[in-house]
Amino acid sequence: MKLPINYTFKNFKSRKLTTGITIVGIALVVFVFAAVLMMAHGVAVTLVSTGSSDNVKIVRKGANGEISSIIPGDVQNIVRSLPYIAKSPDGNPIISFEPVVIINLEKPNGGVSNVTVRGVSPGFQLLRPEAKIIKGRMFNPALRELIVGKAINNEFKSTHVGSSIKVAGNEWKIVGEFSTNGSGFDSEIWGDAHQLQDAFNRANSVSSITLKLTSKSDYNKFKKAFNSDLRLKEYEPEIEQQYYLDQSDYLRTLIELLGIFVTVIFSIGATIGAMITMYSAIANRTVEIGTMRALGFSRRSILIVFLIESLLTALTGGLIGIFLASFLQFFTISTLNFNSFSELAFSFALSPWIVFGSLGFAVLMGLLGGFLPSVRAARLKIVNALRAE
Amino acid sequence: MKVIKLVFKNSFRHKLRASLTIMGIAVAVIAFGVLRTVVTAWYQAVDASSNDRLVTRQSVSFIFPLPLSYRDKILQVPGVKQVTYANWFGGTYIDKKNFFARLAVDADTYFKVYPEYEITKKEFEDFKKERDACIIGSETAKQYNLKVGEAITLDGDIYPGKWDFIISGIYKPKYQSTDATQMFMHWSYINERMKQEMPLRANDVGWYVESINNPQNSGAISKAIDKLFENSPNSTKTETEVEFSQGFIASSSAIITSMNVMSFVIVGIILLVLANTMIMSSRERTTEYAVLKTLGFSAYHLTFLILGESMFIAFLGGILGLFLTFPIVSGFGNHLPKGFFPVFQVEPITIILSALAIVVIGLAAAYFPIHKTLRTKIVDGLRFVG
């Protein structure tokens with residue numbers, strides 16, 4: 001086997017340009033394949049890490065997003081008195097009544113985009129312990145002060161700590177920047193719930209209620225208690241994490257659909273490319289194949305040699321593609337989330353599954369593209385092969 | 001002219017390779033076409049907007065309402081022909097997945113400001129007469145099999161509760177780019193119920209739309225309108241409809257950019273497939289080209305020979321791809337979430353771009369082989385062994 005494999009390597013050298021082009025082609029395909037998967041994975045990662053699995057979010061039934069949901073004051077009081085809500089050390093239920101609005105902010109390169117502004121109730125730190133102030137300080141609930149998510153600060157103008165933005169005719173001071181480790185909350189601006197209700201003329205109605213359960217396993221019991229209260233029949237509870245995951249439906253469907261489509265098309269193209277290269281590699285080497293057969297190499301060895309050649313080409317391309325795609329992880333992109341109608345920042349995220357999937361995909365292209373030509377090489381009759389010009 | 005015959009013969013000397021290459025090009029042209037269609041579909045809202053309409057909304061965000069009283073004030077601004085207003089109704093039709101825009105509009109003026117939503121006179125009169133009447137777009141009517149006179153029930157979210165409407169007309173889009181999926185109901189019908197159930201939200205208007213006399217004055221008129229409400233708690237932002245739609249698209253710019261990039265990567269991949277084929281063909285024919293040179297064929301002939309073959313294969317693949325683009329785009333459109341793009345079709349610009357890409361690829365793929373063939377000395381060429 002040593003000789004044929006040596007032969008394969010020598011061949012790469014003697015047909016540099018053609019082999020190079022095939023490798024580049026496969027690398028491009030794998031790059032795009034991985035990039036699209038990383039994008040869809042990035043959206044999912046961002047939204048899965050948004051919210052906790054032991055928090056419950058309550059919105060109006062049929063509301064397409066938080067901004068189109070309205071929960072009046074009396075309902076808020078009913079929810080507050082439900083069982084299975086965790087208590088803070090000083091005995092108050094851990095619950096946040098949140099008015100949510102969207103405002104327009106200017107992007108540095110021109111154009112405006114929508115940003116979610118969320119009012120949070122005192123004690124929200126116990127509800128969302130993952131939110132940490134990384135610059136400046138926490139807002140003062142008695143003042144018109146805001147804190148901005150980390151991703152907002154990168155995406156928009158005039159949202160640095162110390163500057164102020166105009167919301168509802170008033171200047172609001174930005175006093176701090178918070179991070180939630182890359183979750184969707186990083187694309188939001190937070191302030192005190194009462195201050196924001198006042199500013200937006202919301203009286204005492206809010207958009208959603210988020211509360212912490214005594215334990216994750218109490219969700220079904222909580223839901224039962226919730227549903228058995230007829231005054232709450234217009235509203236529905238959902239695990240916070242699941243709620244945000246559902247919020248990305250449109251965006252994920254679009255990216256995944258595009259991903260599958262682009263991949264199918266690209267792989268057909270790349271397989272054809274590999275096939276062309278392999279067929280001509282074999283056509284050019286008919287005499288050589290005949291010589292090897294005459295020297296006593298079996299048909300199987302010939303088949304394997306050419307398959308190896310094609311697999312090596314594909315695998316090299318695949319590795320280059322993955323290597324290039326891994327640099328995408330340093331990019332964060334931000335786009336409109338169609339469900340919540342506001343900006344969502346996310347990064348390309350690589351997972352082991354994507355690495356193996358992409359490499360497997362490259363190998364598959366090599367196998368498909370190399371198989372038919374290899375079979376043809378193996379089936380050549382010695383006499384005919386030697387006689388070829 | 002013999003050279004042309006040689007181009008054809010050469011192109012199909014390796015039938016398998018030629019057909020594989022043509023297939024590869026066709027597949028890539030389809031991919032290119034679909035991605036470009038997604039990009040143009042995104043921009044459809046801009047194409048459908050007009051420069052002689054202005055949109056006035058609350059300056060902080062369009063989710064905040066404006067008072068109804070602004071209407072008369074805006075009408076007084078010189079240059080404003082007609083003012084209409086609308087609210088985003090939202091809500092759910094049977095299932096959350098059934099998305100199409102639902103707007104509560106001023107029945108008297110809305111269709112005058114939007115002449116591209118074509119309804120008959122009778123439909124318009126019927127719509128005005130009944131307070132719970134609504135008008136839907138022909139696309140939506142087709143998709144959900146709705147007819148004039150039938151009832152349609154929405155589950156409100158922004159406007160809570162069950163809402164029943166009777167379809168009094170189906171509008172037809174005037175242009176290809178016109179969105180034919182919307183639903184319009186009476187703003188006053190919604191407002192009456194709001195007055196009783198949520199008096200705080202009575203007389204709220206989502207946004208105003210003004211048709212103006214002369215698009216060239218749009219800047220001055222916008223400024224004049226915004227100045228009226230500058231110091232009120234509800235200050236406004238007025239811009240042309242085109243600018244308004246562009247603002248929406250800016251929010252999705254990341255996705256659009258990545259699709260643009262991808263479509264050009266595809267062009268690169270087609271180029272690689274074709275270049276590979278061309279390089280291999282001319283490598284095999286090194287000896288033949290040397291013979292041709294010996295016979296006295298000039299550099300022009302050889303260039304024509306190789307370029308012709310490259311263009312011919314690119315052309316065949318391109319034609320095949322363009323033909324298949326249409327059914328595949330419509331298949332792709334059917335798999336998108338309902339109502340995601342109001343208009344999803346292959347635009348002329350997509351076809352032009354594809355054709356242009358094919359020409360460029362045909363030219364570029366021939367470059368290396370031509371370069372090499374012309375440089376090879378006759379003796380070396382004759383001596384060449386594959």
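In this predicted model, chain A is divided into two domains. Domain 1 of chain A is made of two stretches, 2-48 and 249-387, while domain 2 of chain A covers 62-233. The C-alpha centres of these two domains of chain A lie 47 Å apart. Where the domains touch, the contact takes 13 residues from domain 1 of chain A and 17 residues from domain 2 of chain A.

On the side of domain 1 of chain A that touches domain 2 of chain A, the elements giving two or more residues are α2 (16-48), β12 (332-337) and β13 (342-347) of chain A. The largest share of that side, five residues, comes from β13(A). By class, this side of domain 1 of chain A has seven polar, five nonpolar and one charged residues.

Chain B offers a helix to follow, α13(B), which runs over residues 348-375. At 1.5 Å a residue, its 28 residues should span 40 Å, and because the end C-alpha atoms are 41 Å apart, the two values agree. The helix nevertheless has a kink of about 35 degrees at Tyr367(B), shortly before the proline Pro369(B).

Pro369(B) is also one of the buried residues of α13(B). Others on that list include Thr350(B), Ser354(B), Ala357(B), Ile358(B), Ile361(B), Gly362(B), Ala365(B) and Ala366(B). An α-helix has 3.6 residues a turn, so residues three or four places apart point the same way. The buried residues of α13(B) pack against four helices of chain B: α2 (15-48), α10 (253-284), α11 (286-295) and α12 (299-335).

How values were computed: Residues are numbered from 1 along each chain as its sequence is written. Chains are lettered from A and ligands numbered from 1 in the order in which they are written. This is a predicted model: local features need pLDDT of at least 70, side-chain atom pairs count only at pLDDT 80 or more; totals for chains, interfaces and linings use all residues. The expected span of a helix is 1.5 Å times one less than its number of residues. The bend at a residue is the angle between axes fitted to the seven residues ending there and the seven starting there. A residue is buried if 20 or more other C-beta atoms lie within 10 Å of its own, exposed if 12 or fewer, and partly exposed in between; C-beta atoms are placed from the backbone. Two residues are in contact if their C-beta atoms, placed from the backbone, lie within 7 Å. Domain bounds come from an automatic or database domain assignment. Ala, Val, Leu, Ile, Met, Phe, Trp, Tyr, Cys and Pro count as nonpolar, Asp, Glu, Lys and Arg as charged, and the others, Gly among them, as polar.
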